Amino acid sequence: PQVRMSSEELNLAAVPVPVEDVQGDGRWMSQHTRFVQECKDKEPEVLFVGDSMVQLMHQYEVWRELFSPLHALNFGIGGDTTSNVLWRLQNGELENIRPKVVVVWVGTNNHEHTAEQVAGGIVAIAELLTSRLPQAKVVILGLLPRGERPNPLREKNQAVNTILRSALPRLGPVQFLDVGAGFVHSDGTISPRDMFDFLHLTASGYRAVAKPLSDLLLQLLDETPEERRASLV
């Protein structure tokens, strides 16, 4: 345990950090400020938080069709890492709201971190959510494969998912959902029909992801507290 403590302290992927405004137009902070304002104006049942995978989902028909009706808020910002999402959640994006489910999708932008660190950053987000929103259930989406052909980043994302699969169940009302099946073809390639740049999803790519997620959300939103207690016994 001692060794684990010291390595956890050094995990930069679990340290909350805002995005540096290198371009000088304050866009990241403006988006964060808008999200904090939305927390005051809206009462979401479902909160989505993460990077561009979350942000861009908002642009597609599946969002209006499957997630808007669930009173979902989309707090995705392109380029975010686990550290950026942690910072946002600690600085107002959980104030005044009581979502029943929080969906987290982040980690593929953590280029400076190892798979272990990225998984640790995602676990830190899950722990923050379970402590700040004890009534909520948390869904962690697995990182998708990326790149047209097999590559180290694809292997790293798969390693992150493997670690999360064993680490997350220990946190209580946290579920891991792998939505990456079917994207890699038998010859090891990803099709531009699913990911237009071999990272971001097309409309059909989002549809493939949204179906299992939507099914799970409906199930989680349906459960009454009594059912939850029974399943915990």
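Let me begin with cavities: in this predicted model, the count comes to one cavity of 30 Å³ or more. The largest cavity holds about 70 Å³ of space. Its lining is made up of D51, M53, W105, V106, T108, L143, L144, P145 and L199. Sorted by class, that lining has seven nonpolar residues, one polar residue and one charged residue.

I turn next to the annotation. An unreviewed UniProt entry places the feature "domain: SGNH hydrolase-type esterase" at residues 48–208. In the model, the C-alpha atoms at the two ends of residues 48–208 lie 17 Å apart. That span is 37% helix and 14% strand.

The next topic is charge pairing. As a general point, side chains of opposite charge can pair when their charged atoms come close. This structure holds twelve salt bridges, and I shall discuss some of them.

Consider R64 and E61, which form a salt bridge with their closest N and O atoms 3.1 Å apart. How are R64 and E61 placed in helix α4? They are three residues apart in that helix, which covers residues 61–67, and so are separated by about one helical turn. As for accessibility, R64 counts as partly exposed because its relative accessibility is 46%. E61 is likewise partly exposed, at 42% relative accessibility.

Helix α4 also takes part in a second pairing, through E65. Here R207 forms a salt bridge with E65, and the closest N and O atoms are 3.3 Å apart. R207 lies in helix α8, residues 203–222, and E65 in helix α4, so the pair ties together parts that are 142 residues apart in sequence. R207 has a relative accessible area of 38% and is therefore partly exposed. E65, at 42% relative accessibility, also counts as partly exposed.

The third pair is D80 and R88, whose side chains meet in a salt bridge at 2.8 Å, N to O. Are these two residues buried or exposed? Both D80 and R88 are buried. In addition, a network of salt bridges links R34, E38 and K42.

R88 brings us to H32, since R88 is among the residues in contact with H32 when neighbours within four places in sequence are left aside. The other contacts of H32 on that basis are I77, W87, N91 and E93. H32 itself is found in helix α2, residues 27–41. Why does H32 count as buried? Its relative accessibility is 5%, and the cut-off for buried is under 20%. The contact with I77 joins positions distant in sequence: H32 and I77 are 45 residues apart along the chain, while their C-alpha atoms are 8.5 Å apart in space.

Finally, I would draw attention to the backbone. Most residues other than glycine have a negative phi. Which value does phi take at H71? H71, although not a glycine, has a positive phi of about 60°. H71 lies in the loop between α4 and β2, the latter being residues 72–76. F198 is a further case, with a positive phi near 65° in a residue other than glycine. F198 is found in the loop between β5, residues 174–177, and α8.

To close, let me return to two points. The loops before β2 and before α8 hold H71 and F198 respectively. Helices α4 and α8 are tied together by the pair of R207 and E65.

Terms used: Residues are numbered from 1 along each chain as its sequence is written. This is a predicted model: local features need pLDDT of at least 70, side-chain atom pairs count only at pLDDT 80 or more; totals for chains, interfaces and linings use all residues. Side-chain values use heavy atoms; hydrogens and water are left out. On a 1 Å grid over the protein atoms alone, a cavity is a set of points where a 1.4 Å probe fits but cannot get out, and a pocket is an open set with protein on both sides within 12 Å along at least five of seven lines; lining residues have an atom within 4 Å of a point. Grid points are joined across faces, edges and corners, and a volume is the space filled by probe spheres set on the points. Ala, Val, Leu, Ile, Met, Phe, Trp, Tyr, Cys and Pro count as nonpolar, Asp, Glu, Lys and Arg as charged, and the others, Gly among them, as polar. UniProt positions are given in the numbering used here, feature names are shortened, and annotations may be inferred rather than shown by experiment. Helices (H or I, at least four residues) and strands (E, at least two) are DSSP runs, numbered from the N terminus. A salt bridge is a side-chain nitrogen of Lys or Arg within 4 Å of a carboxyl oxygen of Asp or Glu. Buried means under 20% relative accessible area, exposed over 50%, partly exposed in between (1.4 Å probe, protein chains only). Contact means heavy atoms within 4.5 Å.
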